[in-house]
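Trainee: I would like a close look at one part of this model, starting from a single residue and working outwards. Please take it step by step and say what each term means as you use it.

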Amino acid sequence: MNGSIAQWRTQVDEGLRSAVAWWLGELAEMLPVRLRGAAHRAPVALEVGEAQLSLRVHGARGGPPATVSIDPDMPDGAQTAVRTALKQARRGSGVTIELLPDQVLEVPLTLPRGAERAMRQILQNQLDRIVPLPPEEVEFAYVIAPRSGTDEALKVIVTVVTKVTLERALEAAQHLRLRPERIIARGQGDRAPAVLWRAQRASD
């Protein structure tokens, strides 16, 4: 996936903006849809990258988080290390999976303000213009950047990940006997993370 990211960024063209105008007319009556995530660090997070797998655990009483590097080739030892870290921090097995930058594609877009009323529907129908992959092979989320009342356009960050990447991340968590609650790609700075998957039982 790494080799494709630079090429993907060149695929976004002006055709998307012209298509948005048509979709605004078709979907103007729909309610706004915005994906948001908690701004704070998850108490227990499994960080998943191309060559990195680690568990970050924040203690229930504060203090610096403990980090456990996980060797996927030693599942028994990894499970023991994870259980020990959770027990010491007095945490349960619920985990947020954080995908590292080498696992996701972020595409910045500038769209008309009216697009917010049906943002997800617009992006879903124009996904083939954003990434050169079949839409059925990917999942996406978006975050709208904060704006002032005078801004005439929306700055949107679309985060795209393959479904295979999500499946592998879930499998990694389950092999460690963790209970995945959500999968996110953490935003830069104060930007909210993009929530790419959420367990049905998880709550905000």
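Mentor: T162 is buried because its relative accessible area is 17%, where buried means under 20%, exposed over 50% and partly exposed in between, with a 1.4 Å probe and protein chains only. The model is predicted, so local features need pLDDT of at least 70 and side-chain atom pairs count only at pLDDT 80 or more, while totals for chains, interfaces and linings use all residues. Residues are numbered from 1 along each chain as its sequence is written, and side-chain values use heavy atoms, with hydrogens and water left out.

T162 belongs to strand 7, residues 153-162; strands (E, at least two residues) and helices (H or I, at least four) are DSSP runs, numbered from the N terminus. Setting aside residues up to four places away in sequence, T162 touches L133, E137 and V138, a contact being heavy atoms within 4.5 Å. Its side chain also makes a polar contact of 2.8 Å with the side chain of T165. For that term, a pair of N or O atoms must lie within 3.5 Å; within protein, one must be able to donate a hydrogen and the other to accept it, and residues adjacent in sequence count only if both atoms are side-chain atoms.

T165 leads to helix 6, since it is one of the buried residues there, along with L166, A169, L170, A172 and A173. These residues cover an arc of only 155 degrees around the axis, which puts them on the same side of helix 6; the arc is that of the directions from the helix axis to the C-beta atoms. In general, an α-helix has 3.6 residues a turn, so residues three or four places apart point the same way. R168 and H175, on the other side of helix 6, are exposed. The length of helix 6 also fits: at 1.5 Å a residue its 13 residues should span 18 Å, and the end C-alpha atoms are 18 Å apart, which agrees. The expected span is 1.5 Å times one less than the number of residues.

After helix 6 comes R177, in the loop that runs to strand 8. Its phi is near 60 degrees, a positive value in a residue other than glycine. R177 counts as exposed because its relative accessibility is 59%.

Now the sheet. It is open and has 6 strands in the order 3-2-1-4-8-9, with mixed pairing; two strands pair if DSSP finds at least two bridges between them. Strand 3 (66-69) and strand 9 (194-198) are at the edges with a single partner strand each, so one side of each has no neighbour in the sheet. From one strand to the next, the twist averages 25 degrees.

Strand 1 (residues 44-48) pairs with strand 4 (residues 94-99) in the parallel sense over 4 bridges. Helix 6 (residues 163-175) packs on this sheet and touches strands 1, 2, 4, 8 and 9; its direction makes about 145 degrees with that of strand 4. Axes are lines fitted to C-alpha atoms, for helices over the stretch in contact, and angles run from 0 to 180 degrees between N-to-C directions.

Within strand 4 sits T96, which is buried because its relative accessible area is 6%. Leaving aside neighbours within four places in sequence, T96 is in contact with A42, V44, A45, L46, R182 and I184.
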